[in-house]
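Welcome! Let's take a friendly first look at this protein together, moving from its overall build to its inside.

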Amino acid sequence: MLSTKGLEYDAKILLAWGECISGNDKITQWLMKNGFPELGLFRYALRNEERSREWLMTNGFPHLHAMISAIEGRKDALEWLERHGFELIKEMALIGDGDEGAMLRLNREETKVFAGIAKKMQFVKDEIEDENNDWHKYSAN
């Protein structure tokens with residue numbers, strides 16, 4: 001089994017994180033106020049909010065920042081995760097970047113919840129990419 005290093009949370013907290021990533025404001029606020037600000041801020045960092053990304057880096061969660069960078073296709077972030085023993089987070093990042101092989105590897109009973117969370121991350125990043133590539137948003141001028 002892959003090491004859960006950096007993601008040692010109770011199953012209920014992991015499920016709440018997944019809902020937070022999907023945009024549930026109430027659960028995001030609950031995470032922020034109940035000792036899991038890194039998971040609440042991850043939602044905003046995933047959506048390119050620079051202050052949240054900086055907070056993750058300066059408050060002891062560089063692995064979460066690296067996961068976002070890896071989802072965005074940065075190979076150096078994937079290598080950093082691997083070099084520092086964040087195997088599960090690396091696999092989640094690969095799923096977030098659309099890697100079906102990683103999805104198959106994590107979609108097992110003991111890691112299924114992580115695969116589901118990573119799929120939510122992929123959905124968010126794909127949504128952002130679609131918005132950025134929508135030519136209707138750009139003026140003809």
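Here is a short briefing on the fold, the surface and the core.

Please keep in mind that this is a predicted model. The protein has 9 helices and 0 strands. Its radius of gyration is 15 Å, close to the 14 Å that the globule rule gives for 141 residues, so the protein is as compact as a globular protein of that length.

**Overall build**
- Following the sequence, you meet the pattern α-α-α-α-α-α-α-α-α.
- Along the principal axes, the C-alpha atoms fill a box of roughly 55 × 35 × 30 Å.
- Among contacts with a separation of 6 or more, 45% link residues that are 24 or more positions apart.

**Surface and charge**
- About 7,900 Å² of the protein is exposed, and carbon and sulfur atoms supply 52% of that area.
- The side chains include 19 positive and 25 negative ones, and the centres of these two sets lie 3 Å apart.

**Inside the protein**
- Of the 141 residues, 43% are buried.
- In soluble globular proteins, nonpolar side chains tend to be buried together.
- Here the largest nonpolar core has 42 residues, and the members that touch the most others are Leu7, Trp17, Phe42, Met67, Met92 and Met121.
- Several helices supply at least two residues each to this core, including α1 (11-21), α3 (37-46) and α5 (62-71).
- The largest share, 7 residues, comes from α9.
- Leaving aside residues up to four places away in sequence, Phe42 touches Trp17, Ile21, Leu56, Leu64, Met67, Ile68 and Met121.

Definitions and conventions: Residues are numbered from 1 along each chain as its sequence is written. This is a predicted model: local features need pLDDT of at least 70, side-chain atom pairs count only at pLDDT 80 or more; totals for chains, interfaces and linings use all residues. Side-chain values use heavy atoms; hydrogens and water are left out. Helices (H or I, at least four residues) and strands (E, at least two) are DSSP runs, numbered from the N terminus. The radius of gyration is taken over C-alpha atoms; the globule rule is 2.2 Å times the number of residues to the power 0.38. Buried means under 20% relative accessible area, exposed over 50%, partly exposed in between (1.4 Å probe, protein chains only). Contact means heavy atoms within 4.5 Å. Accessible areas come from the Shrake-Rupley method with a 1.4 Å probe; for residues, only the protein chains shown count as cover. Lys and Arg count as positive and Asp and Glu as negative; His and the chain ends are not counted. The place of a charge is taken as NZ of Lys, CZ of Arg, CG of Asp or CD of Glu. A nonpolar core is a set of buried Ala, Val, Leu, Ile, Met, Phe, Trp, Tyr and Cys residues joined through side-chain atoms within 4.5 Å.
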